[in-house]
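Here's a quick walk through a single chain, written for someone who would rather look at contacts and geometry than at cartoons. Have the viewer open as you read.

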Amino acid sequence: MTLRPVERSLAYGEGAIFNCLATSDPSEQQFLEKLWFKNGVRINNNDDDGNIQILENGDTLSIVKTSSKDSANYSCVADNKVDSDTGESQLKVKSKFSSC
């Protein structure tokens with residue numbers, strides 16, 4: 001499994017996209033489920049009043065407009081009922097008052 005990007009720094013208000021790429025044996029592909037977590041807490045689709053969205057059958061996590069509260073460790077868990085794997089990424093959002 002691959003989660004991209006691994007680490008990212010963004011300016012306040014920019015959008016963030018994380019991709020969770022997981023494959024499974026073709027006979028188990030129909031059971032493949034992807035779950036997203038922020039600092040270990042499961043993210044549900046349209047959390048944060050729609051600012052955080054899970055797209056494309058769980059393949060993509062989108063944060064429409066980042067703020068300091070989005071600075072966190074994000075992880076994707078892919079599970080096919082036989083095996084599971086986890087990919088992790090860290091997002092750092094710069095303060096909107098930062099000059100650099």
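What follows goes from the overall picture to the sheet, then to the core and its aromatic pair.

**The overall picture**

Keep in mind that this is a predicted model. The mean pLDDT over the chain is 87, and 92% of the residues score at least 70. Confidence bottoms out in strand 1 (residues 2–4), with a mean of 64, and peaks in strand 5, at 95. Where pLDDT is low, the predicted coordinates should not be read in detail.

As for secondary structure, there are nine strands and zero helices, so to speak a β-β-β-β-β-β-β-β-β pattern when read along the sequence. The C-alpha trace spans about 50 × 25 × 20 Å along its principal axes. Of the 100 residues, 35% count as buried. The exposed area of the chain is about 6100 Å², with carbon and sulfur atoms supplying 45% of it. Among contacts between residues at least 6 apart in sequence, 56% join residues at least 24 apart.

**The sheet around strand 4**

In which order do the strands of the open five-stranded sheet sit? The order is 2-9-8-4-5, and the pairing is mixed. Strand 2 (7–10) and strand 5 are at the edges with a single partner strand each, so one side of each has no neighbour in the sheet.

Strand 4 (residues 33–38) pairs with strand 8 (residues 72–79) in the antiparallel sense, over six bridges. Strand 4 also runs antiparallel to strand 5 (residues 41–42), joined by two bridges. Here are some of the residues that face each other across these pairings:

| Residue | Opposite residue | Strand of the opposite residue |
|---|---|---|
| K34 | A78 | strand 8 |
| F37 | S75 | strand 8 |
| F37 | R42 | strand 5 |

F37 is worth a click, with S75 opposite in strand 8 and R42 as its bridge partner in strand 5. Strands 4 and 5 form a hairpin with two residues between them, and N39 in that turn has a positive phi of about 50 degrees.

**The core**

In soluble globular proteins, nonpolar side chains tend to be buried together. The largest nonpolar core here has 15 residues, and the members touching the most others are F18, W36, I43, L61, I63, Y74 and L91. Two or more residues each come from strand 3 (16–21), strand 6 (52–55), strand 7 (60–63), strand 8 and strand 9 (84–93).

Take L91, one of those well-connected members. Leaving out residues up to four places away in sequence, L91 touches R8, L10, A16, F18, I63, T66, D70, S71, A72 and Y74. That list includes F18 and Y74, which bring us to the rings.

**One aromatic pair**

How many aromatic pairs does the structure hold? There is one. The ring centres of F18 and Y74 are 5.3 Å apart and the planes meet at 25 degrees, so the pair is stacked. The pair links distant parts of the chain, with F18 in strand 3 and Y74 in strand 8, 56 residues apart. Are these two residues buried or exposed? Both F18 and Y74 are buried.

Key. Residues numbered from 1 in each chain as written. Predicted model: local features only at pLDDT ≥ 70, side-chain atom pairs only at ≥ 80, totals over all residues. Heavy atoms only, no water. Pairing = 2+ DSSP bridges. Helix = DSSP H or I, 4+ residues; strand = E, 2+ residues; numbered from the N terminus. Core = buried A, V, L, I, M, F, W, Y, C linked by side-chain atoms within 4.5 Å. Buried < 20%, exposed > 50% of the residue type's maximum accessible area, 1.4 Å probe, protein only. Contact = heavy atoms within 4.5 Å. pLDDT = per-residue confidence, 0-100. Phe/Tyr/Trp six-rings, centres within 6.5 Å; stacked < 30°, edge-to-face > 60°. Areas by Shrake-Rupley, 256 points an atom, 1.4 Å probe, with all protein chains shown as cover.
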